[in-house]
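Work through the two exercises below with the sequence and the coordinates at hand. Each task is followed by a solution in steps.

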Amino acid sequence: MPIGRPFGVPVFVSPSWFVVAIIVTVLFESQVHDVVGRPGSFAVAFAYAVLLYGSVFVHELSHAVTARALGLPVRSVTLHILGGETSIGREADGPGGEFLIALAGPLVNLVLAGLGFAARAFVPLPPVGLLLLDALAFANLLVGVFNLLPGLPLDGGRLVRAAVWKATGRSRSGAVAAAQIGRGVAVLCLLAGAYLSTRSTEDGGIGWLTLLWSALVASFIWVGATQTLRAERIRERIPRLSARALARRATLVTADLPLAEAVRRAQAEHAGAIVVVDHDGRPRGLVSEKAVTATPEHRRPWVSTGDLSRGIEPGLTLPADLTGEDLVDALRNAPASEYLLLEPGGGVYGVLATADVDRAFSGA
């Protein structure tokens with residue numbers, strides 16, 4: 001659900017937030033009930049739930065504003081069941097930028113917590129205001145300290161990544177180190193939750209909720225760290241990508257040729273693709289592998305190859321010399337199942353299938 005565009009950044013709230021809001025309201029209401037009678041205590045408790053996620057929102061917005069100040073594109077900020085997420089279009093240009101973006105969120109929360117505790121000491125407030133101020137200051141302190149834990153995908157992990165990146169000169173080394181530490185942090189969170197749940201049960205608390213929440217947090221950290229490791233393995237392979245190396249040899253046929261004959265020629269030439277050309281040899285269409293497979297053999301003599309071809313639209317023709325990031329960007333800009341690869345002189349080199357590119361990453 002979109003809720004606004006502060007500083008030009010789209011902000012969304014996941015429906016899962018309402019689940020958390022209800023849980024926080026119910027749990028916090030028991031404390032509010034000592035100060036405010038029902039049903040007003042539920043309204044105050046819900047206000048705390050909103051303020052709690054306001055702290056998360058300020059945290060994420062700090063990341064977004066810092067990233068934009070460094071010239072990075074920010075796609076969105078999303079609030080969800082486990083907090084929030086800022087989607088940045090690309091990574092920082094260096095470890096310094098990574099460090100500043102990561103630090104911005106926790107720093108703002110710690111400053112807000114400090115202001116809250118200072119206000120408690122110097123500003124006279126009614127009991128309800130004092131209760132909300134204490135809870136909000138503690139929430140900001142918790143959000144700030146938790147996010148400084150040294151493991152990806154938390155901000156503390158990004159600080160570790162920036163430090164290792166600075167020391168080694170390699171972004172990948174920093175990401176791998178921070179992700180491995182993040183897995184350790186996930187295990188520690190789960191163990192801490194299990195311990196606190198037993199203590200909570202002994203004290204008459206809700207032990208199962210503590211254990212459930214710690215399991216959710218631990219799984220979030222573990223999955224995020226694991227995805228980072230996989231992404232780095234993929235990034236390591238990108239420079240070795242070559243359109244020529246992945247291309248399938250193509251058989252050139254005219255549109256009126258029966259599909260059965262086109263397939264026979266492709267098999268005889270050990271080709272993995274069929275390209276429709278005009279009578280002057282200029283490419284006019286790509287024949288989909290899926291369409292050929294879906295056509296029964298007894299029908300192929302009566303179906304023309306052109307009937308199964310797709311016109312060569314802008315973006316479906318790529319230079320055969322594309323490699324690495326340039327190749328990935330070209331595929332991302334014009335998603336398709338097949339691409340025609342051309343030599344510098346305009347001749348057909350072959351066909352690049354997206355499935356073959358995917359297989360190049362399958363072991364990552």
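**Exercise 1: a helix pair**

Helix 2 and helix 3 cross with right-handed sense. The model is a predicted one.

Task: Describe how the axes of helix 2 and helix 3 are placed, and state which residues make the contact.

Solution. Two packed helices are described by the angle between their axes and by the distance between the axes. Begin with these two values: the axes of helix 2 (residues 40–69) and helix 3 (residues 95–122) come within 8 Å, and the crossing angle is roughly 145°.

Next, collect the residues in contact, taking heavy atoms within 4.5 Å as the criterion. Helix 2 supplies Ser55, Val58, His59, Ser62, His63, Thr66 and Ala67. From helix 3 come Leu100, Ile101, Ala102, Ala104, Gly105, Pro106, Val108, Asn109 and Leu112.

Finally, sort the residues of this contact by class: nine are nonpolar, seven are polar and none is charged.

**Exercise 2: an open sheet**

Task: Give the strand order of the four-stranded open sheet, and identify its edge strands.

Solution. The order is 5-6-7-8, and the pairing is mixed. Strand 5 (250–253) and strand 8 (309–311) each pair on one side only, which makes them the edge strands. On average, neighbouring strands of the sheet are turned by 35° against each other, direction ignored.

Now take one pair. Strand 6 (residues 273–277) and strand 7 (residues 283–287) run antiparallel and are joined by three bridges. Within this pair, Val277 of strand 6 stands opposite Pro283 in strand 7.

Last, add the helix: helix 9 (residues 259–268) packs on the sheet and touches strand 5 and strand 6. The direction of helix 9 makes about 145° with that of strand 5.

Notes: Residues numbered from 1 in each chain as written. Predicted model: local features only at pLDDT ≥ 70, side-chain atom pairs only at ≥ 80, totals over all residues. Heavy atoms only, no water. Pairing = 2+ DSSP bridges. Axes fitted to C-alpha atoms, helices over the stretch in contact; angles between N-to-C directions. Left-handed = near helix turned anticlockwise from the far one by under 90°. Nonpolar A, V, L, I, M, F, W, Y, C, P; charged D, E, K, R; others polar.
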